Amino acid sequence: MTFDPELRLETERLTLRPFAVDDVEAHIAMMSDAKMAKFLTDDGKVRSYGDEWRAAASYLGHWHIRGFGFFTVEEKATSEWVGRVGPWMPGGWPGLECGWSICSKHWGKGYAPEAAIATIKWTFEKFPELERIISIIDPSNRNSQAVAAKIGEARTDETFDYSPNLKLDIWAAERKAWLARFG
Ligand SMILES: CC(C)(COP(=O)(O)OP(=O)(O)OC[C@H]1O[C@@H](n2cnc3c(N)ncnc32)[C@H](O)[C@@H]1OP(=O)(O)O)[C@@H](O)C(=O)NCCC(=O)NCCS
């Protein structure tokens with residue numbers, strides 16, 4: 001699949017662009033924080049540099065395989081790298097997901113919902129046949145649940161067996177209702 005590496009989405013406070021080679025080390029640095037790893041790794045612990053390098057490679061590769069993927073999020077005011085947010089559907093995933101991770105020093109500013117709304121709008125425009133977008137969230141991840149609720153997703157009764165010991169909730173937003181509210 002092709003994509004435009006120069007693609008840019010703008011929100012009031014953020015610039016979003018396709019995850020790129022230059023984002024690999026910043027992403028690894030974000031993930032070296034135990035607060036980040038809690039809900040993002042199989043055992044809730046910080047992964048090794050090598051594991052995180054391979055994870056970042058998968059974010060890059062996802063754009064090439066699917067033509068979409070996580071956007072790097074930058075703060076307009078400072079050009080600081082603040083996280084990654086956006087559409088993601090690796091093989092075996094239960095649907096097209098919008099995912100979000102923001103460096104802990106920037107939590108609480110509403111950056112995740114602001115970026116997620118922009119990327120979901122972009123995703124619905126890119127895929128006119130897409131009827132719903134999901135987010136896969138640990139039942140105890142209150143921060144992420146708060147983001148999902150703010151961006152118009154609701155918890156479904158569906159779950160996803162992420163790994164043998166980890167069952168995650170599926171939250172979802174339907175295209176028509178979502179666009180009526182945020183489009
Ligand atoms: C989930 C996450 C992306 C939210 O990003 P954000 O930009 O802080 O989002 P918001 O500012 O809307 O805050 C969301 C909730 O986080 C909580 N929160 C806010 N500031 C916080 C802080 N400084 N410390 C801890 N939690 C905080 C609040 O409950 C808030 O909800 P509220 O606004 O209704 O009170 C971020 O916490 C994160 O990256 N967590 C680690 C990775 C992760 O869990 N990703 C999601 C996997 S499904």
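These legends describe close-up views of a predicted model.

**View 1. The largest pocket and its lining.**
The largest pocket has a volume of about 1,100 Å³. Its lining is made of 44 residues. Nearest the centre lie Phe39, Leu40, Trp100, Ser101 and Asn141. Rolling a probe the size of a water molecule over the atoms shows where empty space is left. Several elements give two or more residues to the lining: helices H2, H3, H4 (111-126) and H5 (142-150), and strands S4, S5, S6 (132-137) and S8 (166-174). Strand S5 gives the largest share, six residues. Sorted by class, the lining holds 23 nonpolar, 11 polar and 10 charged residues.

**View 2. Trp100 and the largest nonpolar core.**
The largest nonpolar core has 40 residues. Which of them touch the most other members? They are Val85 and Trp100. Helix H4 gives the most to this core, with seven residues. A second core lies apart from the largest one. That other core has seven residues, among them Ile134, Ile136, Leu168 and Ile170. In soluble globular proteins, nonpolar side chains tend to be buried together. Now look around Trp100, leaving aside neighbours within four places in sequence. Its contacts include Ala112, Ala116, Ile137, Val147, Ala148 and Ile151. Val85 is also in contact with Trp100. So are Arg84, Ser135, Ser144 and Glu153.

**View 3. Ser101 in strand S5.**
Ser101 sits in strand S5. Is Ser101 buried or exposed? Its relative accessibility is 5%, so Ser101 counts as buried. Residues up to four places away in sequence are not counted in what follows. Ser101 touches Met30, Met36 and Leu40. Ser101 also touches Val82, Gly83, Arg84 and Val85. Recall that Ser101 is one of the residues nearest the centre of the largest pocket.

**View 4. Ser144 in helix H5.**
Ser144 belongs to helix H5. At 11% relative accessibility, Ser144 is buried, because the limit for that class is under 20%. How many residues separate Ser144 and Ser101 in sequence? They are 43 residues apart along the sequence. In space, their C-alpha atoms are 8.9 Å apart. Leaving aside neighbours within four places in sequence, Ser144 is in contact with Trp100 and Ile137.

**View 5. Met36 in helix H2.**
Met36 lies in helix H2. Met36 counts as buried, with 5% relative accessibility. Residues up to four places away in sequence are again left out of its contacts. Met36 touches Met30 and Met31. Met36 also touches Ser101, Ile102, Cys103, Ser104 and Trp107. Val46 comes 10 residues from Met36 along the chain. The C-alpha atoms of Met36 and Val46 are separated by 8.0 Å.

**View 6. The buried face of helix H1.**
Helix H1 covers residues 24-31. Which of its residues are buried? They are Val24, His27, Ile28, Met30 and Met31. Seen down the axis of H1, these buried residues fall within an arc of 160°, so they line one face of the helix. What covers them includes helix H2 (34-37) and helix H3 (49-66). Strand S4 (81-88) and strand S5 (97-102) are also part of the cover.

**View 7. The two sides of helix H6.**
Helix H6 spans residues 175-182. Arg175, Trp178 and Phe182 are buried. Why do they share a side of H6? They cover an arc of only 70° around the axis, which puts them on the same side. The buried residues of H6 pack against H4, S6, H5 and S8. Turn to the other side of H6, and Lys176, Ala177, Ala180 and Arg181 are exposed.

**View 8. Thr123 in helix H4.**
Thr123 is found in helix H4. Thr123 has a relative accessible area of 0%, so it is buried. Not counting residues up to four places away in sequence, Thr123 touches Pro87, Leu96, Leu130 and Ile133.

**View 9. Ser79 in a loop.**
Where is Ser79? Ser79 is in the loop between strand S3 (71-75) and strand S4. Ser79 counts as exposed, at 55% relative accessibility. Phi of Ser79 is near 65°, a positive value in a residue other than glycine. Most residues other than glycine have a negative phi.

How values were computed. Residues are numbered from 1 along each chain as its sequence is written. This is a predicted model: local features need pLDDT of at least 70, side-chain atom pairs count only at pLDDT 80 or more; totals for chains, interfaces and linings use all residues. Side-chain values use heavy atoms; hydrogens and water are left out. Buried means under 20% relative accessible area, exposed over 50%, partly exposed in between (1.4 Å probe, protein chains only). Helices (H or I, at least four residues) and strands (E, at least two) are DSSP runs, numbered from the N terminus. The arc is that of the directions from the helix axis to the C-beta atoms. Contact means heavy atoms within 4.5 Å. On a 1 Å grid over the protein atoms alone, a cavity is a set of points where a 1.4 Å probe fits but cannot get out, and a pocket is an open set with protein on both sides within 12 Å along at least five of seven lines; lining residues have an atom within 4 Å of a point. Grid points are joined across faces, edges and corners, and a volume is the space filled by probe spheres set on the points. Ala, Val, Leu, Ile, Met, Phe, Trp, Tyr, Cys and Pro count as nonpolar, Asp, Glu, Lys and Arg as charged, and the others, Gly among them, as polar. A nonpolar core is a set of buried Ala, Val, Leu, Ile, Met, Phe, Trp, Tyr and Cys residues joined through side-chain atoms within 4.5 Å.
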